[in-house]
Amino acid sequence: MIDEAGLIRLELENQSIGNQAFIAGDPLIRERYGTSFGTVAGLSCSTCAVWDHPLFNRVIGAGVLAPLDDRSLETIVAHYAAKGRVANIEVYEQITPRSVIEVLDRAGFVSSGHGHEAHVLATDSEIPSRANAATVRMAKPEERAHFGELVRDGFDMRDDARLGPFFVDLTVASLRVLGDASAAFIASVDG
């Protein structure tokens, strides 16, 4: 995450919009996988019954998009408990205000180890190019299922009978819900 306040806010708002479309944008997906997305104590909260993973069961932007105090944390914990889930409050290193960390510490929260960060190749030498470089193109609407399969495979879920279809279905539904506001790109090398 970058440390510029305006860009941080935009990134977290983007996560909320994308998460809402991905997790709960389609009624059939919500019913099939027990997904939901809503605002609790002013913060975006997603839940997923089929996979109890922090990526799909999380609070986005505590202390950045909206404040988090003891009372709002109690409301969020109750919200997740009512859905049979444990509250997972995302914490962004060097971004989440210390006051939020203190609220979480007092309530017994600890790191899940599932932080979100980007890794960038840093080199001072030129990267050699190949004669047959990768091509990248925007996926057409009729390729949404194929794109969903690529997402599934990227998460190494091809052989998982429960989560494999989950990744494909959620990807396809989110692209459909977002319509022109979505973008799916397919890269290939040597065809």
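Contact here means heavy atoms within 4.5 Å. With that in hand, welcome to a short tour of a predicted model.

**Figure 1. The whole chain, with six helices and five strands.** Before zooming in, here is the overall layout. From start to end of the sequence, the elements follow the order α-α-β-β-β-α-α-β-α-α-β. The C-alpha trace extends over about 60 × 45 × 30 Å along its principal axes. The chain has 191 residues, and 38% of them count as buried. If we take contacts between residues at least 6 apart in sequence, 62% of them link residues at least 24 apart.

**Figure 2. Trp51 and the largest nonpolar core.** Trp51 is in contact with Phe56, Asn57, Met157, Arg162, Leu163, Phe166 and Phe167, once residues up to four places away in sequence are set aside. The largest nonpolar core holds 16 residues, and Trp51, Phe56, Phe166 and Leu170 have the most contacts inside it. At least two residues of this core come from each of helix 1 (5-24), helix 2 (27-33) and helix 6 (163-178). Helix 6 is the top contributor to this core, with five residues. Another core, of 15 residues, lies apart from it; its members include Leu68, Ile89, Val103 and Leu104. As general background, nonpolar side chains in soluble globular proteins tend to be buried together.

**Figure 3. Helix 5 crossing helix 6.** Two packed helices are described by the angle between their axes and the distance between the axes. For helix 5 (residues 144-154) and helix 6, the axes come within 8 Å and cross at roughly 135°. The two helices are therefore oblique to each other, because an angle that is not under 35 degrees, not over 145 and not from 65 to 115 counts as oblique. The crossing of helix 5 past helix 6 is right-handed. On the helix 5 side, the residues that meet helix 6 are Arg144, Ala145, Phe147, Gly148, Glu149, Val151 and Arg152. Their partners in helix 6 are Gly164, Phe167, Val168, Thr171, Val172, Leu175 and Arg176. Sorted by class, this contact of helix 5 with helix 6 has seven nonpolar, three polar and four charged residues.

**Figure 4. Ser46 in strand 2 and its surroundings.** Strand 2 covers residues 43-48, and Ser46 has its place there. Ser46 counts as buried because its relative accessibility is 0%, and buried means under 20%. Leaving out residues up to four places away in sequence, Ser46 touches Asn19, Ile23, Ser36, Phe37, Leu55, Phe56, Asn57, Arg58 and Tyr80. For a distance to try in your viewer, pick Ser46 and Phe22: they are 24 residues apart along the chain, with their C-alpha atoms separated by 10.0 Å.

**Figure 5. Cys48 in strand 2 and its contact with Arg85.** Cys48 is also placed in strand 2. With a relative accessibility of 1%, Cys48 counts as buried. Beyond its neighbours within four places in sequence, Cys48 is in contact with Tyr33, Gly34, Thr35, Phe56, Asn57, Arg85 and Phe166. Cys48 and Glu4 are 44 residues apart in sequence, and their C-alpha atoms are 31 Å apart in space.

**Figure 6. Arg85, a buried loop residue.** Arg85 sits in the loop between helix 3 (70-82) and helix 4 (98-106). Its relative accessibility is 16%, so Arg85 counts as buried. With residues up to four places away in sequence left out, Arg85 touches Cys48, Ala49, Val50, Asp52, Asn57 and Tyr80.

**Figure 7. Ala41 and Gln94, two residues with positive phi.** Most residues other than glycine have a negative phi. Ala41, however, has a phi near 55°, and Gln94 has a phi near 65°. Ala41 belongs to the loop between strand 1 (35-40) and strand 2. With a relative accessible area of 33%, Ala41 is partly exposed. Gln94 belongs to the loop between helix 3 and helix 4. Gln94 is exposed, its relative accessible area being 76%.

Methods
Residues numbered from 1 in each chain as written. Predicted model: local features only at pLDDT ≥ 70, side-chain atom pairs only at ≥ 80, totals over all residues. Heavy atoms only, no water. Helix = DSSP H or I, 4+ residues; strand = E, 2+ residues; numbered from the N terminus. Buried < 20%, exposed > 50% of the residue type's maximum accessible area, 1.4 Å probe, protein only. Core = buried A, V, L, I, M, F, W, Y, C linked by side-chain atoms within 4.5 Å. Axes fitted to C-alpha atoms, helices over the stretch in contact; angles between N-to-C directions. Left-handed = near helix turned anticlockwise from the far one by under 90°. Nonpolar A, V, L, I, M, F, W, Y, C, P; charged D, E, K, R; others polar.
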